[in-house]
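Biologist: I should like to learn how to read the features of a structural model, one at a time. Could we place it before us and begin?

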Amino acid sequence: MNYILAPSILSADFLDLNNQIKQVEEAGAKYLHFDVMDGLFVPNISFGIPVLNCIKGHTNLKLDVHLMIAEPNRYFEKFKEAGAEILTVHVEAMKDPEADLKRIRELGMIPSITLSPDTPVESVFPFLDLVKQVLVMTVNPGAGAQPYIDKCTDKIKAIREEIIKRGLDVDVEVDGGINEETIKTAKDAGANVFVMGSSIFNHEPYESVKKYLEILK
Ligand code: DX5
Ligand code: ZN
């Protein structure tokens, strides 16, 4: 299995963003995770296209964009132009997930679907053939540094089992409350991409990425 760390800049020091991104890249992270919030699909507002535009072309990390926004298809072209490479959309936020996921691929981005902790796992099953990644939210979307919700472990397992059963090549990413303990739980359940915000950026980013990559070995 190919294990990937995806540091989430939601917890980064924005005044020192360039340096912090370089640190996680040098330490061996492969993705950079962007949490885009619109104040509607989730209560908070975070950041969006102008921040991506600044980073685009200045890192080799794959830009992994998690849209916590209502009717995300209104912005697919704009996120593509801003450098998004993986685009994750919430099953709860779309009117026509099939059409939206196909459109993401047509635009040359990697389609990824996600579901919130209270959304039944089966809700993403009809779309597994259309994605390269499923993001299992292990906290309620909308804020960093929340505790991992234990019941989500069974969802990771169920999604990985379904992927294997159908012979698909799909990554399972986890997002929310991932730390020294829960990274092992999520890995054992079948996750292979790990979003980490506060566990990396509220500590020494370089050392933290090294530490978590060691745990994943
Ligand atoms: C939550 C976001 C997460 C968040 C994770 O809405 O999707 O990506 O940054 O933060 P931690 O790792 O601190 O739980
Ligand atoms: Zn996220």
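Biologist: In which strand is the place of Met68?

Modeller: Please bear in mind that this is a predicted model. Met68 has its place in strand β3.

Biologist: Is Met68 buried or exposed?

Modeller: Burial is judged from the relative accessible area, and the cut-off for buried is under 20%. Met68 has a relative accessible area of 2%, so it is buried.

Biologist: Which residues does Met68 touch, not counting residues up to four places away in sequence?

Modeller: With those neighbours set aside, Met68 touches Asp35, Val36, Met37, Asp38, Phe41, Val42, His90, Pro141 and Gly142. Separation in space is another matter: Ile86 lies 18 residues from Met68 in sequence, and their C-alpha atoms are 14 Å apart.

Biologist: One of those contacts, Asp35, leads me to the metal. Which residues coordinate the zinc ion (ligand 2)?

Modeller: The zinc ion (ligand 2) is coordinated by His33 through NE2, His66 through ND1, and Asp35 and Asp175 through OD, at 2.0 to 2.3 Å. Along the chain, these donors follow the spacing H-x1-D-x30-H-x108-D. Two of them, His33 in strand β2 (residues 31-37) and His66 in strand β3 (residues 62-68), are 33 residues apart and link distant parts of the chain. Both His33 and His66 are buried.

Biologist: Why is the arrangement around the zinc ion (ligand 2) octahedral?

Modeller: The general idea is to compare angles with the ideal ones, which are 90 or 180 degrees for six octahedral donors. Here the six donor atoms around the zinc ion (ligand 2) subtend angles of 66 to 164°, and the arrangement is therefore octahedral.

Biologist: How should one look for open space, and how much space lies in the largest pocket?

Modeller: Rolling a probe the size of a water molecule over the atoms shows where empty space is left. In this model the largest pocket holds about 260 Å³ of space. Its lining comprises 26 residues, and Gly144, Ala145, Asp175, Gly176 and Gly177 lie nearest the centre. Asp175 is also one of the residues coordinating the zinc ion (ligand 2).

Biologist: Which elements each supply at least two residues of that lining, and how do the lining residues divide by character?

Modeller: At least two residues each come from β2, β3, β8 (193-196) and α7 (198-201). By character, the lining of the largest pocket has twelve nonpolar, twelve polar and two charged residues.

Biologist: Finally, where is the place of Ser208, and is Ser208 buried or exposed?

Modeller: Ser208 is in helix α8 (residues 205-216). Its relative accessible area is 6%, so Ser208 is buried. Beyond residues up to four places away in sequence, Ser208 touches Ser199, Ile200 and His203.

How values were computed:
Residues are numbered from 1 along each chain as its sequence is written. Chains are lettered from A and ligands numbered from 1 in the order in which they are written. This is a predicted model: local features need pLDDT of at least 70, side-chain atom pairs count only at pLDDT 80 or more; totals for chains, interfaces and linings use all residues. Side-chain values use heavy atoms; hydrogens and water are left out. Donors are N, O and S atoms within 2.8 Å of the metal (3.2 Å for Na, K and Ca); water is not among the atoms, so sites may look incomplete. Four donors count as tetrahedral if all angles lie between 85 and 135 degrees; four count as square planar and six as octahedral if opposite donors are over 155 degrees apart and all others between 65 and 115; anything else is irregular. Helices (H or I, at least four residues) and strands (E, at least two) are DSSP runs, numbered from the N terminus. Buried means under 20% relative accessible area, exposed over 50%, partly exposed in between (1.4 Å probe, protein chains only). Contact means heavy atoms within 4.5 Å. On a 1 Å grid over the protein atoms alone, a cavity is a set of points where a 1.4 Å probe fits but cannot get out, and a pocket is an open set with protein on both sides within 12 Å along at least five of seven lines; lining residues have an atom within 4 Å of a point. Grid points are joined across faces, edges and corners, and a volume is the space filled by probe spheres set on the points. Ala, Val, Leu, Ile, Met, Phe, Trp, Tyr, Cys and Pro count as nonpolar, Asp, Glu, Lys and Arg as charged, and the others, Gly among them, as polar.
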